[in-house]
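Q: Please take a close look at one part of this model, the nonpolar interior. Then follow the salt bridges, the cysteines and the nonpolar surface around that part.

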Amino acid sequence: MRVAFLGATKGMGRALARRMAERGDTLYLLGRDTADLEKSARDLEARGGKAAAGHAHCDLESPESFAPALAAAEAALGGLDAVVVTAGLFGTQAQLEADPRFLGRVLDADFTGTLLFCEEARQRLLKRGGGTLCVFSSVAGERGRKPVALYGAAKAGLSTYLEALDHRYRGQGLRTICVKPGFVRTSMTAGLPEPPFAVDPEAVATIVLRAIDRGTPVVYAPPIWGLVMFVIRLLPRFVMRRVGF
């Protein structure tokens with residue numbers, strides 16, 4: 001596949017990009033840090049030959065960067081088969097409540113910025129007859145919960161948008177994949193208490209790559225979170241007010 005990849009330099013994105021490169025996909029890297037992009041491109045080339053076709057600046061907090069970045073990816077790859085978005089910001093509930101400016105950045109990047117980027121990608125893929133749009137959301141957006149009230153709100157909006165895209169455009173050839181990881185051991189979660197079912201980025205990458213190939217519209221990583229969230233969605237409000245989950 002020819003893939004424009006936003007977020008391949010860290011954590012789950014880096015693990016997924018490596019898996020794609022190792023199997024022969026060609027990636028064009030998008031991100032806001034040029035040094036990180038160059039380092040990741042060299043890493044992917046070492047794993048998959050000409051796996052990295054180039055890179056361009058793209059920042060979820062700067063919508064004006066979206067169209068030029070995706071245009072550069074199309075030109076370098078000779079077309080697009082898929083766009084993958086793993087980039088985003090994270091903050092704990094305490095951090096976000098204490099810092100309204102940072103809260104604004106997280107909401108802007110994880111919902112508004114990601115949605116606007118996806119709209120640009122959607123239009124480009126549909127003009128070529130379709131393709132795959134794979135975007136990382138989170139189980140935090142499944143239901144309003146005390147520990148992730150603010151971060152979860154952004155992810156809930158993103159998940160709803162991605163579901164609507166799948167309903168609206170699947171028949172036109174656009175395969176929208178919403179990835180909902182649970183707790184993953186990355187630099188963003190370093191130092192946080194580790195809950196049950198925590199996994200490493202490599203485990204998520206394996207699950208997501210299989211979903212990309214199959215066109216699975218919703219993916220929980222690991223899959224046990226699908227069952228956990230099913231139960232959580234069934235709990236009445238008076239129970240949710242009492243539990244700390």
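A: What follows goes from the core outward.

This is a predicted model, in which local features need pLDDT of at least 70, side-chain atom pairs count only at pLDDT 80 or more, and totals for chains, interfaces and linings use all residues. Residues are numbered from 1 along each chain as its sequence is written, and side-chain values use heavy atoms, with hydrogens and water left out.

Start with the core. A nonpolar core is a set of buried Ala, Val, Leu, Ile, Met, Phe, Trp, Tyr and Cys residues joined through side-chain atoms within 4.5 Å. Buried means under 20% relative accessible area, exposed over 50%, and partly exposed in between (1.4 Å probe, protein chains only). The largest such core holds 38 residues. Leu-30, Val-83, Phe-117 and Leu-133 have the most contacts inside it.

Several elements feed this core. Helices and strands here are DSSP runs, numbered from the N terminus (helices are H or I, at least four residues; strands are E, at least two). Strands E1 (2–6), E2 (26–31), E4 (82–85), E5 (131–136) and E6 (174–181) each supply at least two core residues. So do helices H3 (66–77), H5 (100–127) and H6 (149–169). H5 gives the largest share, 9 residues. A second, separate core has 33 residues, including Met-20, Leu-27, Leu-44 and Ile-177.

Now zoom in on Phe-117. Contact means heavy atoms within 4.5 Å. Neighbours within four places in sequence are left aside. Phe-117 then touches Leu-6, Leu-30, Cys-58, Leu-60, Phe-66, Leu-70, Val-83 and Val-85.

Next, the cysteines. A disulfide is a pair of cysteine sulfur atoms within 2.5 Å. The count by this rule is 0. Cys-118 is in no disulfide, and its nearest cysteine sulfur, that of Cys-178, is 9.8 Å away. Cys-118 is buried, at 0% relative accessible area. The sulfur of Cys-134 is 8.9 Å from its closest cysteine sulfur, also in Cys-178, which is too far for a bond. Cys-134 is buried too, at 0%.

Charged pairs come next. A salt bridge is a side-chain nitrogen of Lys or Arg within 4 Å of a carboxyl oxygen of Asp or Glu. The whole structure has 17 of them. One joins Asp-81 to Arg-2, at 3.0 Å from N to O. Asp-81 sits in the loop between H3 and E4 and Arg-2 in strand E1, so this pair ties together parts 79 residues apart in sequence. Asp-81 is partly exposed at 28%, and Arg-2 is partly exposed at 28%.

Another bridge pairs Arg-128 with Glu-74, at 2.8 Å from N to O. Arg-128 lies in the loop between H5 and E5, and Glu-74 in helix H3, 54 residues apart. Arg-128 is partly exposed at 44%, whereas Glu-74 is buried at 14%.

A local bridge links Asp-43 and Arg-47, at 3.1 Å. Both lie in helix H2 (residues 34–48), 4 residues apart, so about one helical turn separates them. Asp-43 is partly exposed at 22%, as is Arg-47 at 35%. Arg-18 and Glu-22 join these two in a network of salt bridges.

Last, the surface. Phe-197, Ile-224, Leu-227, Phe-230, Val-231 and Leu-234 make a nonpolar patch of about 560 Å². Ile-224 lies in helix H8 (residues 224–234) and is partly exposed at 31%. Patch residues have over 30% relative accessible area and no salt bridge; like charges are joined within 9 Å, nonpolar side chains (Val, Leu, Ile, Met, Phe, Trp, Tyr) within 5 Å. Accessible areas come from the Shrake-Rupley method with a 1.4 Å probe, and for residues only the protein chains shown count as cover.
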